[in-house]
Amino acid sequence: MNEVLEQLHEVLEARKTAAPDSSYVAGLYDQGLNKILEKLGEEAVETVLAARDLDAGGDRQALVNETADLWFHSMVMLAHLGESPASVLAELQRRFGLSGLDEKAARTED
């Protein structure tokens, strides 16, 4: 799984120097953070709606597709801001085995 994220991250990094009209991601980078965040928000809403629809008997593949779009656009945002999926995976690893309540309480104290 990490390999796919690393490969995607490499592609996203390469798109930073590509001409805006050469790829969807290069175009997003060119439009700036606000456009990236707009797309991320749109994909988050679509993922929520797909989950709700699935719960009501809808299409399971639609949820998978929308979640893939959400993850993808999250990675575009991270790359635009100079972060990598490795940072997120390291944070998830750090949290593994911790009580969710304890972890949340520790974040709110900071």
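**Entry 1: overall fold.** I count as a helix any DSSP run of H or I of at least four residues, and as a strand any E run of at least two, with numbering from the N terminus. On that basis I read the pattern α-α-α-α-α-α along the protein chain, with six helices and zero strands. I note here that the model is a predicted one. For its extent I looked up the C-alpha trace, which spans about 45 × 40 × 30 Å along its principal axes.

**Entry 2: α3 against α4.** I next looked at helix α3, residues 33-55, whose axis lies 8 Å from that of α4, the two packing at an angle of about 160°. Because angles over 145 degrees count as roughly antiparallel, I entered α3 as roughly antiparallel to α4. The crossing in which α3 passes α4 is left-handed. From α3 the contact draws on Leu-33, Ile-36, Leu-37, Lys-39, Leu-40, Glu-43, Ala-44, Glu-46, Thr-47, Ala-50, Ala-51 and Leu-54, and from α4 on Arg-60, Ala-62, Leu-63, Glu-66, Thr-67, Asp-69, Leu-70, His-73, Ser-74, Val-76, Met-77 and His-80. Sorted by class, I find 13 nonpolar, five polar and six charged residues in this contact of α3 with α4.

**Entry 3: α2 against α4.** Helix α2, residues 24-31, also meets α4, and here I find that the axes come within 11 Å and cross at roughly 50°. That angle makes α2 oblique to α4, and α2 passes α4 in a right-handed crossing. On the α2 side I listed Tyr-24, Val-25, Leu-28 and Tyr-29, which meet Phe-72, His-73, Val-76, Ala-79 and His-80 of α4. The class count for the contact of α2 with α4 is seven nonpolar, two polar and no charged residues. Comparing the two lists, I see His-73, Val-76 and His-80 of α4 in the contact with α3 and again in the contact with α2.

**Entry 4: the largest pocket.** I then turned to the largest pocket, for which I noted a volume of about 290 Å³. Which helices supply at least two residues each of its lining? I find that α1 (2-15), α4 (60-80) and α5 (85-95) do, with α4 giving the largest share, five residues. The lining residues are Met-1, Asn-2, Leu-5, Trp-71, Ser-74, Met-75, Met-77, Leu-78, Pro-85, Val-88, Leu-89 and Leu-92. By class I recorded 10 nonpolar, two polar and no charged residues in this lining. As a last cross-check, Ser-74 and Met-77 line the largest pocket and also belong to the α4 side of the contact with α3.

Key. Residues numbered from 1 in each chain as written. Predicted model: local features only at pLDDT ≥ 70, side-chain atom pairs only at ≥ 80, totals over all residues. Heavy atoms only, no water. 1 Å grid on protein atoms, 1.4 Å probe; cavity = no way out; pocket = protein on both sides within 12 Å on 5 of 7 lines; lining within 4 Å. Points joined across faces, edges and corners; volume = space filled by probe spheres on them. Nonpolar A, V, L, I, M, F, W, Y, C, P; charged D, E, K, R; others polar. Axes fitted to C-alpha atoms, helices over the stretch in contact; angles between N-to-C directions. Parallel < 35°, antiparallel > 145°, perpendicular 65-115°, else oblique. Left-handed = near helix turned anticlockwise from the far one by under 90°. Contact = heavy atoms within 4.5 Å.
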